[in-house]
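User: I would like to learn how to read a structure like this one, feature by feature. Please give the general idea each time, then the case here.

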Amino acid sequence: MRLPLIAGNWKMNTTVDEGVSLVTRMRPLLDKINGVEKLVCPPFVSLVAVRDTLAGSTVKTGAQNMYFEEKGAYTGEISPLMLAGLCEYAIIGHSERRQYFQEAGEMINRKVKAALKAGLKPILCVGERLEENEAGKTAEVVTGHLKSALVDIKSPDGLVIAYEPVWAIGTGKAATGKQSNETIGLIRETAGKLIDKATARDMRILYGGSVTAENIAEFVSQPEIDGGLVGGASLKADQFVAIVQKTKEVKGRI
Ligand code: PEP
């Protein structure tokens, strides 16, 4: 059984005070919902305050990115050792990092390895751009992302993959549950070949891209989809709580 996961990616939104206020409002409601793992990924500067606000809560914290080196002269970067102990997860290879910060194959692979080495659970994002989707290249792009990101990854404890079609992120134009289920099935099969079958069978694979409280059921009702990576809707306490609640109703374990 794979425990469903709903992860909120706040991106470059919220001041420290706004982040604390957001989790203060969500916490009591989210704590009542069991059978779904709940995660928020605030900006780095809010991680400590959000973590402290969530002390004793079932809601977990994650980072939105990290560098692969442990320490040194890398001005402005955040090391996996700084995150370990502070949060449990780190999003890696988000399409916005690929698009605006030129992250690609080898760097993403190094980040996944560094996160695992530090005991962080990576949420590795893969997904095709609109022109690639329209050219029928979804399978090729997604398997390419996996092949480069998972080089020499042998025992990826806690690794989560998020399938995020780039054209669906922040556009209000979500993919369909059926399409995403097919692509996520392919991701699981590919991960099985690149790592091993048992790991792939037990690994959570999420859908991300314009997830809302209204459409989450369409995704989590699919057999291959284990939850969602949620951007915009994770900034609204009522929406995020409703997404978690719907996930529990459709898929949650007691
Ligand atoms: C994301 O940030 O990964 C994302 C899927 O954003 P949104 O839900 O806003 O499309």
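**Reading the model**

Analyst: Start with one residue: T190 counts as buried because its relative accessibility is 10%, and buried means under 20%. Keep in mind throughout that this is a predicted model.

User: Where does T190 lie, and which residues does T190 touch beyond its sequence neighbours?

Analyst: T190 is part of helix 8, which covers residues 177-194. Leaving aside residues up to four places away in sequence, T190 touches T143 and L146.

User: What share of the chain is buried?

Analyst: Of the 254 residues in the chain, 52% are buried. The accessible surface comes to about 11400 Å², and carbon and sulfur atoms hold 53% of that surface.

User: How many helices and strands does the chain have?

Analyst: The chain has eleven helices and eight strands.

User: How do I read the radius of gyration of the chain?

Analyst: Set the value against the one for a compact globule of equal length. For 254 residues that rule gives a radius near 18 Å, and the chain has 17 Å, so the two agree. As for extent, the C-alpha trace spans about 45 × 45 × 35 Å along its principal axes.

User: What share of the contacts joins residues 24 or more positions apart?

Analyst: Count the contacts with a separation of 6 or more, then ask how many of them bridge a long stretch of sequence. In this chain, residues 24 or more positions apart account for 73% of those contacts.

User: How far apart are the mean positions of the positive and negative charges?

Analyst: Take the mean position of each kind of charge and compare the two points. The chain has 32 positive and 30 negative charges, and their mean positions are 3 Å apart.

User: How many aromatic pairs are there, and what is the geometry of the pair formed by Y67 and Y74?

Analyst: Two rings count as a pair if their centres lie within 6.5 Å. By this rule there are three aromatic pairs. In one of them, Y67 and Y74 sit 5.2 Å apart centre to centre, with 50° between the planes, and the pair is tilted. Planes under 30 degrees apart would count as stacked and over 60 as edge-to-face, so the value between them is read as tilted. Ring pairs also link Y67, F68 and Y74 into a cluster.

User: Are Y67 and Y74 buried or partly exposed?

Analyst: Y67 is buried, as its relative accessible area is 15%. Y74 counts as partly exposed because its relative accessibility is 35%.

User: Which residues have a positive phi although they are not glycine?

Analyst: Look at the backbone angle together with the residue type. Among the cases here are T14, with a phi of about 80°, and Q102, with a phi of about 55°. T14 lies in the loop between strand 1 (5-9) and helix 1 (16-31). Q102 lies in the loop between helix 4 (95-100) and helix 5 (105-117). At 24% relative accessibility, T14 is partly exposed, whereas Q102 is exposed, at 61%.

User: Where is G85 found, and how far is G85 from G62 in sequence and in space?

Analyst: G85 is in the loop between helix 3 (80-83) and strand 4 (89-92). G85 and G62 are 23 residues apart in sequence, and 11 Å apart in space from C-alpha to C-alpha. G85 counts as exposed because its relative accessibility is 73%, and the cut-off for exposed is over 50%.

Definitions and conventions
Residues numbered from 1 in each chain as written. Predicted model: local features only at pLDDT ≥ 70, side-chain atom pairs only at ≥ 80, totals over all residues. Heavy atoms only, no water. Helix = DSSP H or I, 4+ residues; strand = E, 2+ residues; numbered from the N terminus. Rg over C-alpha atoms; globule rule 2.2 N^0.38 Å. Buried < 20%, exposed > 50% of the residue type's maximum accessible area, 1.4 Å probe, protein only. Contact = heavy atoms within 4.5 Å. Areas by Shrake-Rupley, 256 points an atom, 1.4 Å probe, with all protein chains shown as cover. Lys, Arg positive; Asp, Glu negative; His and termini not counted. Charge placed at Lys NZ, Arg CZ, Asp CG, Glu CD. Phe/Tyr/Trp six-rings, centres within 6.5 Å; stacked < 30°, edge-to-face > 60°.
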